Amino acid sequence: MLSCHVDLSNDLASRREETIERTVSFLNKRIEKGSSILDLGCGPGLYAERLFKSGHKVTGVDFSENSIEYARDSAKSKGMEIDYVCSDFLNLEYKDCYDMAMQVYGELNTFSNEDRDKLLKIVKEALKPGGLFIFDVTTPGHKENGIKKDWQAGAEGFWRAENHIVLQDRFDYEDNIWAEQYIVIDEQDIKVYRNWFHDYTKESIVKVVKAAGFSEVQVLGGLYNEEEENEADWLTVIARA
């Protein structure tokens, strides 16, 4: 997984380099230099390092110990003073600390409604008055470009570093909820992985974010683009505390 995160030539775990650069440019236009930023789901620090270079103070949070260790080592080797925290988002207790919080690659889509609402309130508490929470979510059209019932075999890949077979499928439920299932078979074991997602429309995500207490919510079609797209698979949300 970590090797996929730091490979910027594809979108398997992190986004391509050009998308990351566009995202950082988008964020920089909405905050002043020297802003304090909370990067939720920071992974190996791809955004945190770029934002630090832009002159900001950055705290990166991720529950993956491997990703945080990599990010800390990378920052140290480059002389970057970035605060990395290995923690579950739902355990954070910041209060009026940050000018902006960010969460990229649709992580909010993976939360249950209860955890989503809890996280939004935690983020609002962490922001200074008037601070921004900028994140992206998928729309119902996104899953049609996702996995279908299929299988693949390989010597190494995303799931395993040795010979393995992957059986994949997708299951749809009510309220724009769906699941990806991967059955991974290697010489030692058979394991089942399920990734759950909840897609949003512009109307539904605005309703959810405002219910968490944010004063203003702007939704743009597409990923960190200035112009809206009516049929975008992704939405960029800018919420003000």
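Student: Let's start with isoleucine 165: is it buried, partly exposed or exposed?
Tutor: Keep in mind that this is a predicted model. Isoleucine 165 has a relative accessible area of 34%. Buried would need under 20% and exposed over 50%. With its 34%, isoleucine 165 therefore counts as partly exposed.

Student: Okay, and which strand is isoleucine 165 in?
Tutor: Look at residues 164–172, which make up one strand. Isoleucine 165 has its place there, in strand β7.

Student: Which residues make the nonpolar surface patch of about 300 Å²?
Tutor: Our isoleucine is part of that patch. To join a patch, a residue needs over 30% relative accessible area, and Ile165 has 34%. The full set is Trp151, Ile165 and Leu167.

Student: Switching to cysteines, how many disulfides does the structure hold?
Tutor: A disulfide calls for two cysteine sulfur atoms within 2.5 Å. The search took in the whole structure, and the count it gave is zero.

Student: So how far from cysteine 86 is the nearest cysteine sulfur?
Tutor: Cysteine 86 is in no disulfide, and the nearest cysteine sulfur belongs to cysteine 42. A disulfide would need the sulfurs within 2.5 Å. Here the distance is 9.0 Å.

Student: And what about cysteine 97, how far away is its nearest cysteine sulfur?
Tutor: Cysteine 97 is in no disulfide either. Its relative accessibility is 31%, so it counts as partly exposed. The nearest cysteine sulfur is again that of cysteine 42, and the distance is 17 Å.

Student: Which residues form one aromatic cluster?
Tutor: The structure holds 11 aromatic pairs. Rings pair if their centres lie within 6.5 Å. One cluster is formed by Phe158, Trp159, Tyr182 and Tyr193.

Student: Whose ring does the charged end of arginine 30 sit over?
Tutor: Find the charged end of arginine 30 and look for the ring centre 3.7 Å away. That ring belongs to phenylalanine 26.

Student: What is the phi of aspartate 96?
Tutor: Most residues other than glycine have a negative phi. Aspartate 96 sits in the loop between β3 and β4. Although it is not a glycine, its phi is positive, at about 50°.

Student: Last one: is glycine 222 buried or exposed?
Tutor: You'll find glycine 222 in the loop between β10 and β11. Its relative accessible area is 7%, and the cut-off for buried is under 20%. Glycine 222 is therefore buried.

Conventions: Residues numbered from 1 in each chain as written. Predicted model: local features only at pLDDT ≥ 70, side-chain atom pairs only at ≥ 80, totals over all residues. Heavy atoms only, no water. Buried < 20%, exposed > 50% of the residue type's maximum accessible area, 1.4 Å probe, protein only. Patch = residues over 30% accessible without salt bridge, like charges linked within 9 Å, V, L, I, M, F, W, Y side chains within 5 Å. Areas by Shrake-Rupley, 256 points an atom, 1.4 Å probe, with all protein chains shown as cover. Salt bridge = Lys/Arg side-chain N within 4 Å of Asp/Glu carboxyl O. Helix = DSSP H or I, 4+ residues; strand = E, 2+ residues; numbered from the N terminus. Phe/Tyr/Trp six-rings, centres within 6.5 Å; stacked < 30°, edge-to-face > 60°. Lys NZ or Arg CZ within 6 Å of the ring centre and 35° of its normal.
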